[in-house]
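This briefing is meant to be read with the sequence and the model side by side. The notes are grouped by topic, so that each can be checked against the coordinates in turn.

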Amino acid sequence: MKRFFRQSLITFVAILLATSLLSVDATYAQRRGGGSRGGGSSYRGGGGASSRVNSSVNLQNRGNFNGSRSSERSINSQTRQGNQQTRQGNIQQNQQTRQGNIQQNQQTRQGTQQERQTERTERTNTRQQQQTERTNTRQEQSTNRQQNRQDFIDDNYYRGGWYGGGYYVPAAWGWAGLATGLAIGASVASPPPYYDTVYLGSTSYIYSDGIYFEPTGSSYVVVAPPTGAVVSYLPEGCSQTQVNNTVYYSCSDIYYEPFYQNGSTVYRVVKL
């Protein structure tokens, strides 16, 4: 009986010892396996995977996170660079557009200036041509009148002019009834057979061979030579004289000052 009790006790102690050892070993294994850095629950209430496994996972997560941020920065950098290139392109395009507009405006202004210059040149040429034609016409008319007058003188007896209170009537006019003269204030119904119209201010006169008429209604009134009147020729019998270094023509004591006008010599009635 004692022997049986001794063996049972030994067996119980052995089981108890074995159980204790297993418990200690499990605790030790938990302390080594769970660790203070692990994410499990062995040491600080967690269990499961070791701290090295959790560290690898965290590093992997950190790597993924860092990779995402790097990719995001790269995308942002590419976006900013693209935006900058776009802005630069827009600036260059705007500059080219402005430059094109400036050149177009300059070309338009130059074209307009050339057209205006061409129009001014054409107008100037036209005016010069018209002035030349008028001068030639006046010169031709003056030559014709001079020639006609000379023809009258050559074909007829001519003697007319101022005598102080009136005019001697040129015989070439054919006015036999007025052969004795034309007193100042006398009127005739018709003008001489040839004459020029002379303007002095707003008054017009008829001039023929040194004789002046002023049209009044339907008649022509004999007037004294108006001072300042300009005629294209002098009557016959005038003489040249010089007063104070100036050359004049005396026509029965009526003085004419010659001068040059529109390419021809003309004569102005002066009072000395």
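Phe12 is a residue of helix 1, the element that spans residues 2–34, and the model in which it is seen here is a predicted one. With a relative accessibility of 52%, Phe12 is classed as exposed, because that class begins over 50%. The points below begin with the surface around this residue and then move to the salt bridge, the loops and the strands.

**Surface patches**

- Phe12 belongs to a nonpolar patch on the surface, whose other members are Phe5, Leu9, Val13 and Leu16, and the accessible area of these residues together comes to about 530 Å².
- A patch of positive charge is also present on the surface, and the residues that form it are Arg116, Arg120, Arg123 and Arg127.
- Within that positive patch, Arg127 is placed in helix 2, which covers residues 51–155, and Arg127 counts as partly exposed because its relative accessibility is 48%, a value that does not reach the exposed class, which requires over 50%.

**The salt bridge**

- When the whole structure is searched, one salt bridge is found, and the partners are Glu257 and Arg268, whose closest N and O atoms are 3.8 Å apart.
- This pair links distant parts of the chain, since Glu257 is in strand 12 (residues 254–261) and Arg268 is in strand 13 (residues 264–270), with the two positions eleven residues apart in numbering.
- Glu257 is partly exposed, with a relative accessible area of 25%, and Arg268 likewise counts as partly exposed, at 29% relative accessibility.

**Loop residues with positive phi**

- As background to the next points, most residues other than glycine have a negative phi.
- Asn244, although not a glycine, has a positive phi of about 50°, and this residue lies in the loop that runs between strand 10 (239–243) and strand 11 (246–251).
- Asn244 counts as exposed because its relative accessibility is 73%.
- Asn262, which is not a glycine either, also has a positive phi of about 50°, and its place is the loop between strand 12 and strand 13, the strands that carry the two salt-bridge partners Glu257 and Arg268.
- Asn262 is partly exposed, with a relative accessible area of 43%.

**Strand residues and their surroundings**

- Ser208 lies in strand 6, which covers residues 203–208, and it counts as buried because its relative accessibility is 0%.
- A polar atom of the Ser208 side chain lies 2.6 Å from the backbone oxygen of Tyr194.
- Val198 is found in strand 5 (residues 196–200), where it is buried with a relative accessible area of 5%, a value that falls under the 20% limit for that class.
- The C-alpha atom of Val198 is separated by 6.9 Å from that of Val230, although these residues are 32 residues apart along the chain.
- Tyr168 has its place in strand 2 (residues 166–168), and this residue is partly exposed, with a relative accessible area of 43%.
- Between the C-alpha atoms of Tyr168 and Ile211, which are 43 residues apart along the chain, the separation is 8.6 Å.

Note on methods: Residues are numbered from 1 along each chain as its sequence is written. This is a predicted model: local features need pLDDT of at least 70, side-chain atom pairs count only at pLDDT 80 or more; totals for chains, interfaces and linings use all residues. Side-chain values use heavy atoms; hydrogens and water are left out. Patches are made of residues with over 30% relative accessible area and no salt bridge: like charges are joined within 9 Å, nonpolar side chains (Val, Leu, Ile, Met, Phe, Trp, Tyr) within 5 Å. Accessible areas come from the Shrake-Rupley method with a 1.4 Å probe; for residues, only the protein chains shown count as cover. A salt bridge is a side-chain nitrogen of Lys or Arg within 4 Å of a carboxyl oxygen of Asp or Glu. Lys and Arg count as positive and Asp and Glu as negative; His and the chain ends are not counted. The place of a charge is taken as NZ of Lys, CZ of Arg, CG of Asp or CD of Glu. Helices (H or I, at least four residues) and strands (E, at least two) are DSSP runs, numbered from the N terminus. Buried means under 20% relative accessible area, exposed over 50%, partly exposed in between (1.4 Å probe, protein chains only). A polar contact is a pair of N or O atoms within 3.5 Å; within protein, one must be able to donate a hydrogen and the other to accept it, and residues adjacent in sequence count only if both atoms are side-chain atoms.
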